[in-house]
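Here are my notes on the model you sent. They are set out as numbered points, to be read beside the coordinates.

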Amino acid sequence: MKLVIGNKNYSSWSLRPWFLLSFHGVPFEEVRVPLNQEGTHVALGRYTEAGKVPVLEDGDLTVWDSLAICEYVIA
Ligand SMILES: N[C@@H](CCC(=O)N[C@@H](CS)C(=O)NCC(=O)O)C(=O)O
């Protein structure tokens, strides 16, 4: 699984699934996209049409929204 996040200090939305995966020892690749930069929108668009983080990629499946990711992981 790949978890695309912003900044764990300033994006609590990003921190939610990151913490859940880390706490439970679920292996995942962490990808950080710097927020509020000139290229942020383009960079986020590579992962989701929503244009926001966090985003979880699991094979062909993409899950967006922190709570949806948490529900997917624990399901
Ligand atoms: N409800 C969403 C909120 C996600 C969200 O607002 N993410 C912000 C960072 S905290 C974002 O990606 N902003 C990028 C932008 O607006 O360019 C969730 O829970 O994941």
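1. Is Lys-2 buried, partly exposed or exposed? This is a predicted model. In it, Lys-2 is partly exposed, because 14 other C-beta atoms lie within 10 Å, and burial would take 20 or more. Lys-2 belongs to strand 1. Beyond four places in sequence, Lys-2 touches Phe-28, Glu-29, Val-31 and Glu-57. The C-alpha atom of Lys-2 is separated by 18 Å from that of Val-42, and these positions lie 40 residues apart in chain numbering.

2. The strand pairings. Strand 1 (residues 2-5) and strand 3 (residues 55-58) are antiparallel and joined by three bridges. Within strand 3, Glu-57 stands opposite Lys-2. Strand 3 also pairs with strand 4 (residues 61-64), again in the antiparallel sense, over four bridges. Here Leu-56 has Val-63 as its bridge partner in strand 4. Two residues separate the strands of this hairpin, and Gly-59 takes a positive phi near 65 degrees there.

3. The core. The largest nonpolar core has 10 residues: Leu-3, Val-4, Ile-5, Val-33, Tyr-47, Val-53, Val-55, Leu-56, Val-63 and Ile-69. Strand 1 and strand 3 each supply at least two residues of this core. The largest share is that of strand 1, with three residues. Both bridge partners Leu-56 and Val-63 are on the core list. Tyr-47 is another member. Apart from residues up to four places away in sequence, Tyr-47 touches Val-4, Val-55 and Glu-57.

4. Helix 1 and Leu-21. Helix 1 has 12 residues and reaches 16 Å from its first C-alpha to its last, close to the 16 Å expected at 1.5 Å a residue. Leu-21 is found in this helix, which covers residues 12-23. Leu-21 counts as partly exposed because it has 19 other C-beta atoms within 10 Å, where 20 or more would make it buried. Outside its neighbours within four places in sequence, Leu-21 is in contact with Leu-3, Val-26, Phe-28 and Val-73. One of these, Leu-3, is a core residue. Ile-69 is 48 residues from Leu-21 along the chain, and their C-alpha atoms are separated by 9.9 Å. Just after helix 1, Gly-25 takes a positive phi of about 70 degrees.

5. Backbone points to check. Most residues other than glycine have a negative phi, and most peptide bonds are trans. Asn-36 is not a glycine, yet has a positive phi of about 60 degrees. It sits in the loop between strand 2 (29-32) and helix 2. Asn-36 is exposed, because 8 other C-beta atoms lie within 10 Å and the limit for exposed is 12 or fewer. Asp-65, also not a glycine, has a positive phi of about 100 degrees. Asp-65 is in the loop between strand 4 and helix 3. Asp-65 counts as partly exposed, with 19 C-beta neighbours inside 10 Å. A cis peptide bond joins Val-53 and Pro-54, with omega about 5 degrees. Pro-54 is in the loop between helix 2 and strand 3.

6. Thr-48. What does Thr-48 touch, leaving out residues up to four places away in sequence? Its contacts are Val-55, Thr-62 and Trp-64. Thr-48 lies in the loop between helix 2 and strand 3. Thr-48 is partly exposed, with 18 other C-beta atoms within 10 Å. Thr-48 and Leu-35 are 13 residues apart in sequence, and their C-alpha atoms are 15 Å apart in space.

7. The ligand shell. Which residues are around the ligand? They are Gly-6, Ser-11, Trp-13, Leu-35, Thr-40, His-41, Lys-52, Val-53, Pro-54, Asp-65, Ser-66 and Leu-67. By class, five are nonpolar, five polar and two charged. Helix 2 (40-45) and helix 3 (66-74) each give the shell at least two residues. Several backbone points from above return here. Both residues of the cis peptide bond, Val-53 and Pro-54, are in the shell. So is Asp-65, with its positive phi. Val-53 also belongs to the core.

How values were computed
Residues are numbered from 1 along each chain as its sequence is written. This is a predicted model: local features need pLDDT of at least 70, side-chain atom pairs count only at pLDDT 80 or more; totals for chains, interfaces and linings use all residues. A residue is near a molecule or strand if its C-beta atom, placed from the backbone, lies within 6 Å of it. Ala, Val, Leu, Ile, Met, Phe, Trp, Tyr, Cys and Pro count as nonpolar, Asp, Glu, Lys and Arg as charged, and the others, Gly among them, as polar. Two strands pair if DSSP finds at least two bridges between them. A nonpolar core is a set of buried Ala, Val, Leu, Ile, Met, Phe, Trp, Tyr and Cys residues joined through C-beta atoms within 7 Å. Two residues are in contact if their C-beta atoms, placed from the backbone, lie within 7 Å. The expected span of a helix is 1.5 Å times one less than its number of residues.
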